[in-house]
Amino acid sequence: MSAPRTLEALLKRHGTTYAAEAGIRLRDTPQPLYQLLVLSHLLSARIRAQVAVAAAQALFSHGLRTPRRMTDATWQERVDALGEGGYRRYDERTATQLGDGAQLVLDEYGGDLRRLRRKADGDMDTLRSGLRRFPGIGPAGADIFLREVQTVWPEASPYLDAKALQGAERLGLPTTPDKLLRMAKDEDPAVLAAALVRGALDKG
């Protein structure tokens, strides 16, 4: 199959962002941006992506959609919601990190991650460093957040990180962002990135 056909098939099969899969209607507003931070944290652990998405959905279904609601919840309530989503291996540590991270969002940014964006002022290294201050958000978590948020933070676009390019290489596609974007034509770079990451992780 030619590279353009391969990419077309990949986008048809996997052309959904992880935020959309988790039910986050991503906009440049405080609540969905915070939800994306939580999802990025969960996805960055060594656990199947489907489990991380299910755990995020469980947290959100229990009303833990804002940093204030996350800090108001008890540690046990966070553990229980994570367990409900199947996120059991890391549930206790993650419940602590989610509480501490939510408090940091409140203390440093008044509950609004757009303040982090404004502070970075278009500098990706500053933005990445700011994200990594949150407990549980390491290099992988920061990459996940930036891959997804580029839909609403255009200064981060195109963001095709090493994991996305690994997927491209595995599928025999170009491994430079410019070539991939040209081949994908008008596709949202966040959708392209998510599809490529799934291509990297797909065991099929």
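This is a short dialogue on reading helices, empty spaces and backbone geometry in a predicted model.

Biologist: Let's start with the inside of the fold. Is H41 buried or exposed?

Modeller: Burial is judged by relative accessible area, with under 20% counting as buried. H41 has a relative accessible area of 5%, so it is buried. The residue sits in helix α3, which covers residues 30-43.

Biologist: Which residues does H41 touch, leaving out those up to four places away in sequence?

Modeller: Y87, T94, Q97, L98, P135, G136 and I137. Keep a few of those names in mind for when we get to the cavity.

Biologist: Before that, how do I read the packing of α3 on α4?

Modeller: Look at the axes, then at the residues in between. The axes of α3 and α4 come within 9 Å and cross at roughly 145 degrees. The crossing of α3 past α4 is right-handed. From α3, the contact uses Q35, V38, L39, L42 and L43, and from α4 it uses A49, A52, V53, A55, A56, L59 and F60. By class, that contact has 11 nonpolar residues, one polar and no charged.

Biologist: And a helix with several neighbours? Which residues of α6 are buried?

Modeller: In α6, residues 75-84, the buried ones are R78, V79, A81, L82 and G83. Their cover includes α3, α4, α5 (67-72) and α7 (91-109). Just after α6 comes G86, with a positive phi of about 90 degrees.

Biologist: Now for the empty space. How does one find it?

Modeller: Rolling a probe the size of a water molecule over the atoms shows where empty space is left. Searching the whole structure here turns up one cavity of 30 Å³ or more. The largest cavity has a volume of about 80 Å³.

Biologist: Which residues line the largest cavity?

Modeller: Here H41 comes back: the lining is Y34, L37, V38, H41, Q97, L98, G101, A102, F134, P135 and I137. Helices α3 and α7 each supply at least two residues of that lining. Sorted by class, the lining has eight nonpolar residues, three polar and no charged. V38 is also part of the contact of α3 with α4.

Biologist: What about the open spaces? How much space lies in the largest pocket?

Modeller: About 630 Å³. There are 22 lining residues, and the closest to the centre are Y18, L43, A49, V197 and L201. The helices that each supply at least two lining residues are α2 (18-21), α4, α10 (139-149), α11 (162-170) and α13 (189-201). The largest share, four residues, comes from α10. The class split is 10 nonpolar, three polar and nine charged.

Biologist: And how much space lies in the second largest pocket?

Modeller: About 160 Å³. Of its 10 lining residues, L10, R13, L171, G199 and D202 are the closest to the centre. Helix α1 gives the largest share of the lining, five residues. By class, the lining has three nonpolar, four polar and three charged residues.

Biologist: L10 is on that list. Is L10 buried or exposed?

Modeller: L10 counts as buried because its relative accessibility is 7%. L10 is in helix α1, residues 3-14. Beyond residues up to four places away in sequence, it touches G15, L171, A195, L196 and G199. So L171 and G199 turn up both as contacts of L10 and, by the pocket list, as residues closest to the centre of the second largest pocket.

Biologist: Last topic, the backbone. What should I look for?

Modeller: Most residues other than glycine have a negative phi, and most peptide bonds are trans. Exceptions are worth a look. D121 is not a glycine, yet has a positive phi of about 50 degrees. D121 lies in the loop between α8 (114-120) and α9 (124-131).

Biologist: Which other residue has a positive phi without being glycine?

Modeller: K185, with phi near 60 degrees. You'll find K185 in the loop between α12 (177-184) and α13. K185 is exposed because its relative accessible area is 68%, and D121 also counts as exposed, at 68% relative accessibility.

Biologist: Where is the cis peptide bond?

Modeller: Between S157 and P158, with omega about -5 degrees. P158 is in the loop between α10 and α11.

Key:
Residues are numbered from 1 along each chain as its sequence is written. This is a predicted model: local features need pLDDT of at least 70, side-chain atom pairs count only at pLDDT 80 or more; totals for chains, interfaces and linings use all residues. Side-chain values use heavy atoms; hydrogens and water are left out. Buried means under 20% relative accessible area, exposed over 50%, partly exposed in between (1.4 Å probe, protein chains only). Contact means heavy atoms within 4.5 Å. Axes are lines fitted to C-alpha atoms, for helices over the stretch in contact, and angles run from 0 to 180 degrees between N-to-C directions. A crossing is left-handed if the near helix is turned anticlockwise from the far one by less than a right angle, and right-handed if clockwise. Ala, Val, Leu, Ile, Met, Phe, Trp, Tyr, Cys and Pro count as nonpolar, Asp, Glu, Lys and Arg as charged, and the others, Gly among them, as polar. On a 1 Å grid over the protein atoms alone, a cavity is a set of points where a 1.4 Å probe fits but cannot get out, and a pocket is an open set with protein on both sides within 12 Å along at least five of seven lines; lining residues have an atom within 4 Å of a point. Grid points are joined across faces, edges and corners, and a volume is the space filled by probe spheres set on the points.
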